[in-house]
Amino acid sequence: ALIVRKEGEFFSSLRWRRDVFWIVPLGLTGVAAPQYLTFLGNHLAGAGMATAFAPLVPIFTAVLAALAGQDQVTWRSCLGIGIATVGTLALLRVENLEIVQGKTVGMVVLVFQNLSYAIFLVWMKYLLRKRSHPVALFFLASVAGWLILATAASPALGSIDWAHFPLSVWGAVLFAGLG
C-alpha cells in the first residue's frame with residue numbers, strides 16, 4: 001500500500017463504478033467470514049482440529065481455480081491435492097471416514113472457513129488480472145472485512161473488563177498490529 005500511496009495513485013487508480021461493487025463481498029469472503037469462522041470452529045472443535053483443517057485452504061483453492069479455468073489440472077497438481085488430503089485426514093486421525101464424535105458442527109464450520117478463504121483467493125486472482133491497480137482493491141476489501149467484523153463484535157466489546165489486561169498484553173497487541 002505504501003508503494004501505491006507513494007506514487008500518488010492510491011484511490012485515484014480504482015475505477016470506482018467497476019471496483020466498488022467488489023469491495024464488500026471480497027471483505028466478507030476474505031476477512032470477515034474466515035476470521036469469524038476460525039474463532040467459532042476453534043471454540044466448537046478445539047485448537048487441534050482447527051490446526052488440522054488448515055491444509056484445506058490450498059486444496060480448496062486448487063480445486064476451485066481448476067473449476068474456474070484459472071489453473072490447469074496436471075498430474076502434479078492432482079498429486080499435490082491428494083497428498084494434502086491424505087495428510088489432513090492423517091492429522092485428523094480419521095479412520096473409516098468417521099466424524100470425530102461431538103465435534104461435527106465445529107468441523108463443518110472449519111470446512112466453510114477454509115472454503116470461504118479459498119473462494120476469496122480464486123476471486124482475487126481473477127480480479128487482480130483485470131484491475132488497473134489491484135493493491136488498492138485488496139486494501140479496501142481488507143478494510144471492509146475488518147469493519148464488518150468490528151460491527152459484528154461491537155455488542156460484546158462492552159462486556160469485557162479492559163482494565164483486567166496487563167500492560168504487556170496491550171504492548172503485544174500494539175506490536176502485532178503496528179510492528
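**A predicted all-helical chain: surface patch, cores and a salt bridge**

Helix α8 (residues 167-178) supplies the largest share of a nonpolar patch, namely four residues. The patch lies on the surface and is formed by L157, I160, W162, F165, L167, V169, W170 and V173, which together have about 710 Å² of accessible area. One of its members, W162, is located in the loop that connects α7 (134-157) and α8. The relative accessibility of W162 is 39%, so this residue counts as partly exposed. For the protein as a whole, the exposed area is about 11800 Å², of which 69% is supplied by carbon and sulfur atoms.

The model is predicted. Its mean pLDDT is 80, and 80% of the residues reach 70 or more. Confidence varies along the chain: helix α1 (residues 2-6) has the lowest value, with a mean of 47, whereas helix α6 (residues 104-130) has the highest, at 89.

The secondary structure consists of eight helices, with zero strands. Read from the N terminus, the order of elements is accordingly α-α-α-α-α-α-α-α. The protein has 179 residues, and 28% of them count as buried. When contacts between residues at least 6 apart in sequence are considered, 86% join residues at least 24 apart.

The largest nonpolar core contains nine residues: I23, L26, F120, M124, L127, L137, L140, A141 and A144. Helices α2 (16-45), α6 and α7 are the elements that each give two or more residues to this core. The greatest contribution is that of α7, with four residues. Within the core, A141 touches I23 and L26. A141 also touches G27, and these contacts leave aside residues up to four places away in sequence. Another core, of eight residues, lies apart from the largest one and includes A45, L56, M107 and L110.

The loop between α4 (56-67) and α5 (75-91) contains Q70. With a relative accessibility of 14%, Q70 falls under the 20% cut-off and therefore counts as buried. Leaving out residues up to four places away in sequence, the contacts of Q70 are with A65, V122, K125, Y126 and R129.

K125 also takes part in a salt bridge, in which its side chain meets that of D71 at 2.8 Å, N to O. The two partners are 54 residues apart and link distant parts of the chain, D71 being in the loop between α4 and α5 and K125 in helix α6. The count of salt bridges comes to one. Both partners have intermediate accessibility: D71, at 36% relative accessibility, counts as partly exposed, and K125, at 27%, is likewise partly exposed. These values lie between the 20% limit for buried residues and the 50% limit for exposed ones. The loop between α4 and α5 thus holds the buried residue Q70 as well as the partly exposed residue D71, and K125 of helix α6 is a contact of Q70 and the salt-bridge partner of D71.

Notes
Residues numbered from 1 in each chain as written. Heavy atoms only, no water. Buried < 20%, exposed > 50% of the residue type's maximum accessible area, 1.4 Å probe, protein only. Contact = heavy atoms within 4.5 Å. Areas by Shrake-Rupley, 256 points an atom, 1.4 Å probe, with all protein chains shown as cover. Patch = residues over 30% accessible without salt bridge, like charges linked within 9 Å, V, L, I, M, F, W, Y side chains within 5 Å. Salt bridge = Lys/Arg side-chain N within 4 Å of Asp/Glu carboxyl O. pLDDT = per-residue confidence, 0-100. Core = buried A, V, L, I, M, F, W, Y, C linked by side-chain atoms within 4.5 Å.
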